[in-house]
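Reader: I'm new to this one. Could you walk me through the largest cavity, and then show me what surrounds it in the rest of the chain?

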Amino acid sequence: YIFENDLNESKSYQFNLKRGGLIKLERQVIPNEQLFQIRTEMEEEVKYNQYPFRAAFVEPRLHALYSNNPANGYMYHGVKMKSRPLAELHHISQLATTLADRFRTSEFNIGLDLVVYRNGKDSIGWHADNTQGEQIIASLLIDSPCPARTICIKPNNIPRDGDEAIELYPTSGDMYQMDAKMQEGYLHSIPRATTETKRRMVIVFRHGQPKKVDSDLGVQIKSLLPPTDRRVHYKFGTLSELTEGHLYSRQILLKTGAHWCV
(Lines give C-alpha, C1' and ligand atoms only; values in the text may rest on other atoms or scores of the structure.)
Protein backbone atom coordinates (compact mmCIF):
# COMPACT_ATOMS: atom_id res chain seq x y z
CA TYR A 1 0.00 0.00 0.00
CA ILE A 2 1.28 3.47 -0.83
CA PHE A 3 -0.66 6.39 0.65
CA GLU A 4 0.12 9.74 -0.90
CA ASN A 5 -2.03 11.46 -3.51
CA ASP A 6 -5.10 9.34 -2.77
CA LEU A 7 -5.34 10.99 0.65
CA ASN A 8 -5.36 14.58 -0.60
CA GLU A 9 -9.16 14.73 -0.61
CA SER A 10 -9.50 13.45 2.96
CA LYS A 11 -8.51 15.12 6.23
CA SER A 12 -7.68 11.80 7.87
CA TYR A 13 -7.23 8.15 7.11
CA GLN A 14 -7.11 5.18 9.49
CA PHE A 15 -5.58 1.88 8.46
CA ASN A 16 -6.37 -1.16 10.64
CA LEU A 17 -3.48 -3.61 10.43
CA LYS A 18 -3.86 -7.36 9.93
CA ARG A 19 -1.55 -8.21 12.83
CA GLY A 20 -3.33 -5.77 15.14
CA GLY A 21 -3.05 -2.10 15.85
CA LEU A 22 -3.59 0.86 13.58
CA ILE A 23 -1.94 3.69 11.71
CA LYS A 24 -3.73 7.01 11.45
CA LEU A 25 -2.70 9.84 9.13
CA GLU A 26 -4.24 13.29 9.51
CA ARG A 27 -3.73 16.07 7.01
CA GLN A 28 -2.94 19.68 8.01
CA VAL A 29 -3.46 19.34 11.75
CA ILE A 30 -2.26 22.88 12.46
CA PRO A 31 -2.56 26.06 10.34
CA ASN A 32 0.38 27.41 8.35
CA GLU A 33 0.90 30.41 10.64
CA GLN A 34 1.32 28.18 13.69
CA LEU A 35 3.51 25.83 11.68
CA PHE A 36 5.81 28.73 10.83
CA GLN A 37 6.04 29.81 14.49
CA ILE A 38 6.96 26.30 15.63
CA ARG A 39 9.48 25.79 12.83
CA THR A 40 11.14 29.10 13.73
CA GLU A 41 11.27 28.10 17.40
CA MET A 42 12.84 24.75 16.50
CA GLU A 43 15.43 26.52 14.36
CA GLU A 44 16.33 29.37 16.71
CA GLU A 45 15.63 28.29 20.30
CA VAL A 46 16.54 24.60 20.44
CA LYS A 47 19.96 23.00 20.93
CA TYR A 48 20.19 19.54 19.38
CA ASN A 49 22.28 16.50 20.25
CA GLN A 50 23.49 13.54 18.22
CA TYR A 51 23.60 10.16 19.95
CA PRO A 52 25.67 6.96 19.88
CA PHE A 53 23.53 4.02 18.84
CA ARG A 54 24.08 0.37 19.85
CA ALA A 55 27.56 1.40 21.10
CA ALA A 56 29.22 1.20 17.68
CA PHE A 57 27.41 3.81 15.57
CA VAL A 58 26.26 7.42 15.67
CA GLU A 59 22.63 7.99 14.73
CA PRO A 60 22.39 9.99 11.48
CA ARG A 61 19.78 12.45 12.83
CA LEU A 62 19.48 15.01 15.65
CA HIS A 63 17.30 15.07 18.80
CA ALA A 64 16.15 17.45 21.54
CA LEU A 65 13.85 16.08 24.27
CA TYR A 66 11.46 18.31 26.23
CA SER A 67 8.92 17.49 28.94
CA ASN A 68 7.13 18.95 31.95
CA ASN A 69 9.45 16.97 34.21
CA PRO A 70 13.14 17.58 33.34
CA ALA A 71 14.15 14.61 35.55
CA ASN A 72 12.59 12.27 33.01
CA GLY A 73 14.19 10.98 29.86
CA TYR A 74 13.88 8.68 26.89
CA MET A 75 16.06 5.62 26.25
CA TYR A 76 16.34 3.03 23.47
CA HIS A 77 19.15 0.74 22.24
CA GLY A 78 21.92 2.69 23.97
CA VAL A 79 20.49 6.13 23.22
CA LYS A 80 19.95 8.04 26.47
CA MET A 81 18.28 11.46 26.42
CA LYS A 82 17.60 13.72 29.39
CA SER A 83 14.68 16.08 28.90
CA ARG A 84 14.71 19.86 29.17
CA PRO A 85 11.87 22.03 30.54
CA LEU A 86 9.05 22.23 28.01
CA ALA A 87 8.13 25.67 29.37
CA GLU A 88 11.26 27.04 27.66
CA LEU A 89 9.49 26.73 24.28
CA HIS A 90 6.45 28.98 24.14
CA HIS A 91 4.80 27.86 20.90
CA ILE A 92 5.69 24.18 21.24
CA SER A 93 4.42 23.99 24.84
CA GLN A 94 1.11 25.52 23.71
CA LEU A 95 0.89 22.91 20.97
CA ALA A 96 1.60 20.13 23.49
CA THR A 97 -1.27 21.32 25.69
CA THR A 98 -3.66 21.40 22.73
CA LEU A 99 -2.70 17.91 21.54
CA ALA A 100 -2.79 16.46 25.07
CA ASP A 101 -6.43 17.56 25.31
CA ARG A 102 -7.07 16.00 21.92
CA PHE A 103 -5.61 12.67 23.08
CA ARG A 104 -7.44 12.92 26.42
CA THR A 105 -4.31 12.89 28.55
CA SER A 106 -2.94 15.45 30.99
CA GLU A 107 0.47 15.52 29.32
CA PHE A 108 2.93 13.56 27.20
CA ASN A 109 4.82 12.15 30.15
CA ILE A 110 7.72 10.60 28.23
CA GLY A 111 8.18 13.89 26.43
CA LEU A 112 8.34 15.63 23.10
CA ASP A 113 11.20 14.41 20.90
CA LEU A 114 12.18 17.15 18.45
CA VAL A 115 13.95 15.36 15.59
CA VAL A 116 15.84 16.83 12.64
CA TYR A 117 16.92 14.97 9.51
CA ARG A 118 19.39 17.46 8.06
CA ASN A 119 19.21 16.09 4.51
CA GLY A 120 18.43 12.90 2.62
CA LYS A 121 21.42 11.09 4.11
CA ASP A 122 20.02 11.30 7.65
CA SER A 123 17.75 8.35 8.39
CA ILE A 124 16.51 5.81 10.95
CA GLY A 125 16.55 2.05 10.46
CA TRP A 126 13.90 -0.55 11.21
CA HIS A 127 12.58 -0.28 14.77
CA ALA A 128 9.50 -0.24 17.01
CA ASP A 129 8.69 2.45 19.56
CA ASN A 130 8.18 0.13 22.52
CA THR A 131 10.99 0.67 25.03
CA GLN A 132 8.94 2.67 27.57
CA GLY A 133 5.48 1.17 27.30
CA GLU A 134 4.37 3.81 24.81
CA GLN A 135 0.59 4.13 24.57
CA ILE A 136 0.54 7.34 22.49
CA ILE A 137 3.04 7.86 19.67
CA ALA A 138 2.07 10.79 17.44
CA SER A 139 4.48 12.45 15.00
CA LEU A 140 3.77 15.92 13.64
CA LEU A 141 5.70 17.07 10.56
CA ILE A 142 6.93 20.64 11.05
CA ASP A 143 9.11 20.87 7.94
CA SER A 144 9.17 18.43 5.06
CA PRO A 145 11.07 18.31 1.79
CA CYS A 146 9.30 17.94 -1.53
CA PRO A 147 8.90 15.17 -2.47
CA ALA A 148 8.24 13.96 1.08
CA ARG A 149 10.47 11.42 2.81
CA THR A 150 9.17 7.85 2.89
CA ILE A 151 7.99 6.15 6.08
CA CYS A 152 8.21 2.39 5.51
CA ILE A 153 6.25 -0.15 7.58
CA LYS A 154 6.58 -3.95 7.55
CA PRO A 155 5.84 -6.97 9.81
CA ASN A 156 8.49 -7.61 12.43
CA ASN A 157 9.11 -11.32 11.73
CA ILE A 158 8.48 -14.01 9.13
CA PRO A 159 5.93 -12.77 6.57
CA ARG A 160 2.50 -14.39 6.43
CA ASP A 161 -0.06 -14.46 3.65
CA GLY A 162 -1.91 -11.16 3.55
CA ASP A 163 0.76 -9.16 5.38
CA GLU A 164 1.09 -5.51 4.41
CA ALA A 165 4.04 -3.48 3.18
CA ILE A 166 3.12 0.18 3.69
CA GLU A 167 4.64 3.47 2.61
CA LEU A 168 3.48 6.84 3.94
CA TYR A 169 4.44 10.27 2.59
CA PRO A 170 3.31 12.87 5.17
CA THR A 171 4.16 16.52 4.50
CA SER A 172 4.41 19.67 6.63
CA GLY A 173 1.45 20.00 8.98
CA ASP A 174 0.47 16.32 8.76
CA MET A 175 0.41 14.02 11.79
CA TYR A 176 0.68 10.23 11.84
CA GLN A 177 -0.01 7.92 14.76
CA MET A 178 1.10 4.36 15.38
CA ASP A 179 -0.54 2.84 18.45
CA ALA A 180 0.96 0.48 21.04
CA LYS A 181 -0.58 -2.64 19.51
CA MET A 182 0.94 -1.81 16.13
CA GLN A 183 4.41 -1.71 17.73
CA GLU A 184 4.02 -5.36 18.76
CA GLY A 185 3.70 -6.70 15.23
CA TYR A 186 5.39 -4.16 12.95
CA LEU A 187 8.57 -2.20 12.40
CA HIS A 188 8.97 1.16 10.71
CA SER A 189 11.86 3.14 9.24
CA ILE A 190 12.79 6.29 7.34
CA PRO A 191 15.44 5.15 4.83
CA ARG A 192 18.01 7.37 3.20
CA ALA A 193 16.63 9.30 0.27
CA THR A 194 17.69 8.07 -3.15
CA THR A 195 18.21 11.67 -4.33
CA GLU A 196 19.48 14.78 -2.58
CA THR A 197 16.74 16.30 -0.47
CA LYS A 198 16.21 19.08 2.04
CA ARG A 199 15.68 19.04 5.78
CA ARG A 200 12.89 17.20 7.62
CA MET A 201 11.75 18.35 11.09
CA VAL A 202 9.27 16.39 13.20
CA ILE A 203 7.98 16.43 16.79
CA VAL A 204 7.19 13.01 18.29
CA PHE A 205 4.72 13.14 21.19
CA ARG A 206 5.06 10.12 23.51
CA HIS A 207 3.00 8.99 26.49
CA GLY A 208 3.74 5.81 28.40
CA GLN A 209 6.07 4.90 31.25
CA PRO A 210 8.34 7.81 32.21
CA LYS A 211 11.87 6.98 33.35
CA LYS A 212 14.31 9.03 35.37
CA VAL A 213 17.52 9.83 33.51
CA ASP A 214 20.49 11.30 35.36
CA SER A 215 22.64 12.25 32.37
CA ASP A 216 22.41 12.76 28.64
CA LEU A 217 24.77 10.78 26.39
CA GLY A 218 24.44 13.02 23.34
CA VAL A 219 26.95 15.36 21.76
CA GLN A 220 25.67 18.87 21.04
CA ILE A 221 25.56 19.81 17.36
CA LYS A 222 26.03 23.51 16.70
CA SER A 223 24.44 23.71 13.27
CA LEU A 224 21.41 22.23 11.52
CA LEU A 225 23.27 22.33 8.22
CA PRO A 226 24.06 18.93 6.68
CA PRO A 227 27.44 17.49 7.70
CA THR A 228 30.27 17.78 5.24
CA ASP A 229 31.10 14.79 3.11
CA ARG A 230 33.98 13.04 4.87
CA ARG A 231 34.37 10.16 2.47
CA VAL A 232 37.90 9.50 1.25
CA HIS A 233 38.31 10.09 -2.48
CA TYR A 234 41.01 7.80 -3.83
CA LYS A 235 43.22 8.48 -6.81
CA PHE A 236 44.30 5.74 -9.21
CA GLY A 237 47.41 5.69 -11.36
CA THR A 238 50.54 7.85 -11.35
CA LEU A 239 50.87 11.42 -10.09
CA SER A 240 52.48 13.95 -12.40
CA GLU A 241 54.01 15.83 -9.45
CA LEU A 242 55.96 12.80 -8.16
CA THR A 243 58.50 10.39 -9.59
CA GLU A 244 58.25 6.72 -8.76
CA GLY A 245 61.10 5.48 -6.57
CA HIS A 246 61.98 8.90 -5.11
CA LEU A 247 61.62 9.81 -1.43
CA TYR A 248 59.30 12.66 -0.36
CA SER A 249 58.42 14.33 2.91
CA ARG A 250 55.04 13.82 4.57
CA GLN A 251 54.19 17.46 3.84
CA ILE A 252 54.65 16.96 0.10
CA LEU A 253 52.68 13.71 0.13
CA LEU A 254 49.75 15.44 1.85
CA LYS A 255 49.94 18.46 -0.45
CA THR A 256 49.86 16.36 -3.62
CA GLY A 257 47.25 13.90 -2.31
CA ALA A 258 49.63 10.98 -2.71
CA HIS A 259 48.38 9.46 0.58
CA TRP A 260 45.09 8.75 -1.23
CA CYS A 261 46.76 7.19 -4.24
CA VAL A 262 46.23 3.51 -5.02
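Author: Let's start with a bit of vocabulary: Ala, Val, Leu, Ile, Met, Phe, Trp, Tyr, Cys and Pro count as nonpolar, Asp, Glu, Lys and Arg as charged, and the others, Gly among them, as polar. By those classes, the lining of the largest cavity has 14 nonpolar, eight polar and five charged residues. Keep in mind that this is a predicted model, where local features need pLDDT of at least 70 and side-chain atom pairs count only at pLDDT 80 or more, while totals for chains, interfaces and linings use all residues. Residues are numbered from 1 along each chain as its sequence is written, and side-chain values use heavy atoms, with hydrogens and water left out.

So what is a cavity here? On a 1 Å grid over the protein atoms alone, it is a set of points where a 1.4 Å probe fits but cannot get out, and lining residues have an atom within 4 Å of a point. The structure holds two cavities of 30 Å³ or more, and about 300 Å³ of space lies in the largest cavity; a volume is the space filled by probe spheres set on the points, which are joined across faces, edges and corners.

In total, 27 residues line the largest cavity, and Arg61, His127, Asp129, His188 and Arg206 lie nearest its centre. Strands 8 (72–76), 11, 12 (124–127), 13, 16 (175–178), 17 (186–190) and 18 each give two or more residues to this lining. Strand 18 provides the largest share, four residues. Strands here are DSSP runs of E with at least two residues, helices are runs of H or I with at least four, and both are numbered from the N terminus. The chain has four helices and 20 strands.

Now for the packing. Of the 262 residues of the chain, 48% count as buried, meaning under 20% relative accessible area with a 1.4 Å probe and protein chains only. A nonpolar core is a set of buried Ala, Val, Leu, Ile, Met, Phe, Trp, Tyr and Cys residues joined through side-chain atoms within 4.5 Å. The largest one has 31 residues, with Leu112, Leu114, Ile203 and Phe205 among those with the most contacts inside it. Strands 11 (111–117), 13 (136–143) and 18 (200–207) are among the elements that each supply at least two residues of this core, but helix 2 gives the largest share, five residues. A second, separate core of 20 residues includes Leu25, Ile166, Met178 and Ile190.

Key:
Buried means under 20% relative accessible area, exposed over 50%, partly exposed in between (1.4 Å probe, protein chains only). On a 1 Å grid over the protein atoms alone, a cavity is a set of points where a 1.4 Å probe fits but cannot get out, and a pocket is an open set with protein on both sides within 12 Å along at least five of seven lines; lining residues have an atom within 4 Å of a point.
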